[in-house]
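This report walks through one protein model. Look over the sequence and the fold, then read on.

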Amino acid sequence: MGIVTMLSFLGTAVLLTLMPGPDNMFVLAQSISQNKKAGIATSLGLCTGLLVHITAATAGISALIYQSALAFSIVKYLGAIYLLYLAYKSFRSKDNTAAIVKNETRHYAALYRKGVIMNVLNPKVSLFFLALLPQFVHPKATFPVSVQMLVYGLIFLIQALILFAFISFFAEKVGHLLRKNPRISGKMNMFQGIIFTLIGLKIALSER
């Protein structure tokens, strides 16, 4: 685990995190439709989910899921159904800014849980780590392979959380500008619902 290898991994992790995907789109949607706190709460949930996937990849559980078509399909469709349910709720909901201000702690805790559930129920994340981490592992290194994978996984998690926080701050500014337009402001929930629908369909149609 030399410094060059770790920096190479970090650069790869940053590029992969910034690529359009379910996680950063989820953070983007929450930050634009609500505020940066909503985006950060969602980010913390997503990164908690990442910790589950990192542990699973390190322990070999991800490999077992990948080998079982049934297990992969169950997790995949549960994730897709959950996201489509969130989309349905977004399409049905009205502007609840006042309720959010009144119950901030409860609201952000709910967003945190959504982030955890969404990430844990996306089997592609486990397979992502299963494919990425071994490429930077050296079997003859001082530390065991499992420890190396765990360290790289934690590096990925930390940089993802930092980048998600930046996305939240900038997306909030975009959302603030959009909310100044009454015609757009009333459609924020619809925008959020569309994002959830697209992510849910992407997960449902994904292959092993």
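Is valine 116 buried or exposed? Valine 116 has 19% relative accessibility, so it counts as buried. Buried means under 20% relative accessible area, exposed over 50%, and partly exposed in between, with a 1.4 Å probe and protein chains only.

This is a predicted model: local features need pLDDT of at least 70, side-chain atom pairs count only at pLDDT 80 or more, and totals for chains, interfaces and linings use all residues. Residues are numbered from 1 along each chain as its sequence is written, and side-chain values use heavy atoms, with hydrogens and water left out.

**Overall build**

The protein chain has 11 helices and zero strands. Helices (H or I, at least four residues) and strands (E, at least two) are DSSP runs, numbered from the N terminus. Of the 208 residues in the chain, 41% count as buried.

**Helix α7**

Valine 116 sits in helix α7. This helix covers residues 104-120. Its 17 residues should span 24 Å at 1.5 Å a residue, and the end C-alpha atoms are 24 Å apart, which agrees. The expected span is 1.5 Å times one less than the number of residues. Buried residues of α7 include His107, Tyr108, Leu111 and Met118.

**Pairs apart in sequence**

Three residues are listed with a partner from elsewhere in the chain.

| Residue | Partner | Apart in sequence | C-alpha to C-alpha |
|---|---|---|---|
| Valine 116 | Glycine 45 | 71 residues | 4.4 Å |
| Leucine 16 | Alanine 160 | 144 residues | 9.4 Å |
| Proline 22 | Phenylalanine 196 | 174 residues | 8.8 Å |

Leucine 16 is in helix α1. At 28% relative accessibility, leucine 16 counts as partly exposed. Proline 22 lies in helix α2. Proline 22 is buried, with a relative accessible area of 17%.

**Second largest pocket**

The second largest pocket holds about 530 Å³ of space. Of its 20 lining residues, Gly21, Pro22, Asp23, Val125 and Phe128 are the closest to its centre. On a 1 Å grid over the protein atoms alone, a pocket is an open set of points where a 1.4 Å probe fits, with protein on both sides within 12 Å along at least five of seven lines; lining residues have an atom within 4 Å of a point. The volume is the space filled by probe spheres set on the points.

Helices α1 (3-18), α2 (22-33), α8 (123-132), α9 (145-179) and α11 (188-204) each supply at least two lining residues. α8 gives the most, with four residues. By class, the lining has 12 nonpolar, five polar and three charged residues. Ala, Val, Leu, Ile, Met, Phe, Trp, Tyr, Cys and Pro count as nonpolar, Asp, Glu, Lys and Arg as charged, and the others, Gly among them, as polar.

**Helix α11**

What is buried in α11? The buried residues are Met188, Asn189, Gln192, Gly193, Ile195, Phe196, Ile199, Gly200, Ile203 and Ala204. They cover an arc of only 165° around the axis, which puts them on the same side of α11. The arc is that of the directions from the helix axis to the C-beta atoms. Leu198 and Lys202 are exposed on the other side of α11.

**Largest nonpolar core**

The largest nonpolar core has 36 residues. Phe9, Leu50, Leu83, Phe129, Phe156, Phe164 and Ile199 touch the most other members. α9 gives the most to this core, with eight residues. A nonpolar core is a set of buried Ala, Val, Leu, Ile, Met, Phe, Trp, Tyr and Cys residues joined through side-chain atoms within 4.5 Å.
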